[in-house]
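I opened a fresh page for this chain and went through it one query at a time. My notes follow in the order I looked things up.

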Amino acid sequence: MDDLKVAADWLAVLETHTPQDAIAEQTDLANGWWSLYLRTGESSYRDQARLWIDRVVAAGGERVTAEAWVLKGIMSEAAGQLAAAEEAYRKGIEKDPAQSVAKNNLAMVLVRNQAQLDEARRLAEAVVAAHPRNAEYLDTLAQVHAASQDYPQAIATMKKAVEPSVDQA
């Protein structure tokens with residue numbers, strides 16, 4: 001735990017040296033705080049991550065990267081703000097149409113909302129086509145099939161996700 005406190009102290013120092021127009025560095029700060037939050041569950045780290053990513057997307061304009069939008073989506077989704085997550089993932093895909101995490105996560109948001117399941121399937125299939133050995137992406141595709149009541153395909157896809165030859169996240 002001491003190493004995590006040192007990391008938090010280090011991020012706090014970096015905050016004071018990060019220029020207001022340094023979008024990439026601010027995104028990295030948000031990601032660092034979010035990673036610490038995930039490791040510790042410390043809400044102040046989550047709050048710092050949100051503060052930085054909100055600052056990035058509010059002030060960055062066209063300079064906001066796909067990765068920043070994905071991080072915003074992940075944070076929004078974790079907070080139960082599915083509409084905001086959907087919007088952020090869509091902006092991430094708009095910035096980088098090959099952004100697999102955004103496509104995968106958007107597919108799951110659509111499944112959770114029981115909305116646009118055809119789009120969710122297309123997104124999940126595209127991600128699995130690009131990463132056929134990724135268990136997380138296969139799981140998402142299985143969830144989409146189940147939400148669409150295609151249970152045989154859901155089962156087949158889930159079986160593939162747990163095969164030993166598939167990369168586990």
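**Entry 1: the pocket**

How much space lies in the largest pocket? I got about 180 Å³. I'm working from a predicted model here, so every value below is computed from that model.

Next I asked which residues line the largest pocket. I wrote down Ala-24, Thr-27, Asp-28, Asn-31, Trp-34, Ser-35, Leu-38, Thr-65, Glu-67, Val-70, Leu-71 and Ile-74. Two elements give two or more residues each to that lining: α2, which covers 23–40, and α4, which covers 66–78. α2 supplies the largest share, with seven residues. By character, I sorted the lining into six nonpolar, four polar and two charged residues.

**Entry 2: the overall chain**

I stepped back to look at the whole fold. How many helices and strands are there in the chain? I count nine helices and zero strands. Read from the N terminus, the elements go α-α-α-α-α-α-α-α-α.

For dimensions, I took the box filled by the C-alpha atoms along the principal axes, and it comes to roughly 55 × 35 × 25 Å. The chain has 169 residues, and buried ones make up 42% of them. I also looked at contacts between residues at least 6 apart in sequence: 46% of these join residues at least 24 apart.

**Entry 3: aromatic rings**

How many aromatic pairs does the count come to? I found two. One is Trp-33 with Tyr-45, a tilted pair at 5.6 Å centre to centre, with 35° between the planes. This pair links distant parts of the chain, since Trp-33 sits in helix α2 and Tyr-45 in helix α3 (residues 43–59), twelve residues apart.

Buried or exposed, I asked for Trp-33? Trp-33 has 4% relative accessibility, so I noted it as buried. Tyr-45 comes out at 13%, so I put it down as buried too.

The other pair is Trp-34 with Tyr-37: the ring centres are 5.1 Å apart and the planes stand at 45°, so I logged it as tilted. Trp-34 and Tyr-37 are three residues apart in helix α2, so about one helical turn separates them. Trp-34 is buried at a relative accessible area of 6%, and I'd already met Trp-34 in the lining of the largest pocket.

While on rings, I checked for a charge over a face. Arg-55 lies over the face of Trp-52, at 4.3 Å from the ring centre.

**Entry 4: His-145**

Where is His-145 found? I located it in helix α8, residues 135–147. Its relative accessibility is 8%; the cut-off for buried is under 20%, so His-145 counts as buried.

What is His-145 in contact with, once I leave aside neighbours within four places in sequence? My list reads Glu-125, Asp-150, Gln-153, Ala-154 and Thr-157.

**Entry 5: positive phi outside glycine**

I then went through the backbone angles. Gln-114 has a positive phi of about 50°, although it is not a glycine. I placed Gln-114 in the loop between α6 (100–112) and α7 (117–130). At 51% relative accessibility, Gln-114 counts as exposed; the line for exposed is drawn at over 50%.

Gln-149 also went on the page: its phi is positive at about 60°, and it is not a glycine. Where does Gln-149 lie? I found it in the loop between α8 and α9. Gln-149 is exposed, with a relative accessible area of 59%.

**Entry 6: two C-alpha distances**

Last, I took two residue pairs and compared sequence separation with distance in space. Glu-62 is in the loop between α3 and α4, and I noted it as exposed at a relative accessible area of 69%. Glu-62 and Lys-95 are 33 residues apart in sequence, and I get 9.0 Å from C-alpha to C-alpha.

Ser-165 lies in the segment after α9, which spans 151–161. With a relative accessible area of 42%, Ser-165 is partly exposed. How far apart in space are Ser-165 and Arg-133, C-alpha to C-alpha? I read 7.4 Å, for a separation of 32 residues in sequence.

Notes:
Residues numbered from 1 in each chain as written. Predicted model: local features only at pLDDT ≥ 70, side-chain atom pairs only at ≥ 80, totals over all residues. Heavy atoms only, no water. 1 Å grid on protein atoms, 1.4 Å probe; cavity = no way out; pocket = protein on both sides within 12 Å on 5 of 7 lines; lining within 4 Å. Points joined across faces, edges and corners; volume = space filled by probe spheres on them. Helix = DSSP H or I, 4+ residues; strand = E, 2+ residues; numbered from the N terminus. Nonpolar A, V, L, I, M, F, W, Y, C, P; charged D, E, K, R; others polar. Buried < 20%, exposed > 50% of the residue type's maximum accessible area, 1.4 Å probe, protein only. Contact = heavy atoms within 4.5 Å. Phe/Tyr/Trp six-rings, centres within 6.5 Å; stacked < 30°, edge-to-face > 60°. Lys NZ or Arg CZ within 6 Å of the ring centre and 35° of its normal.
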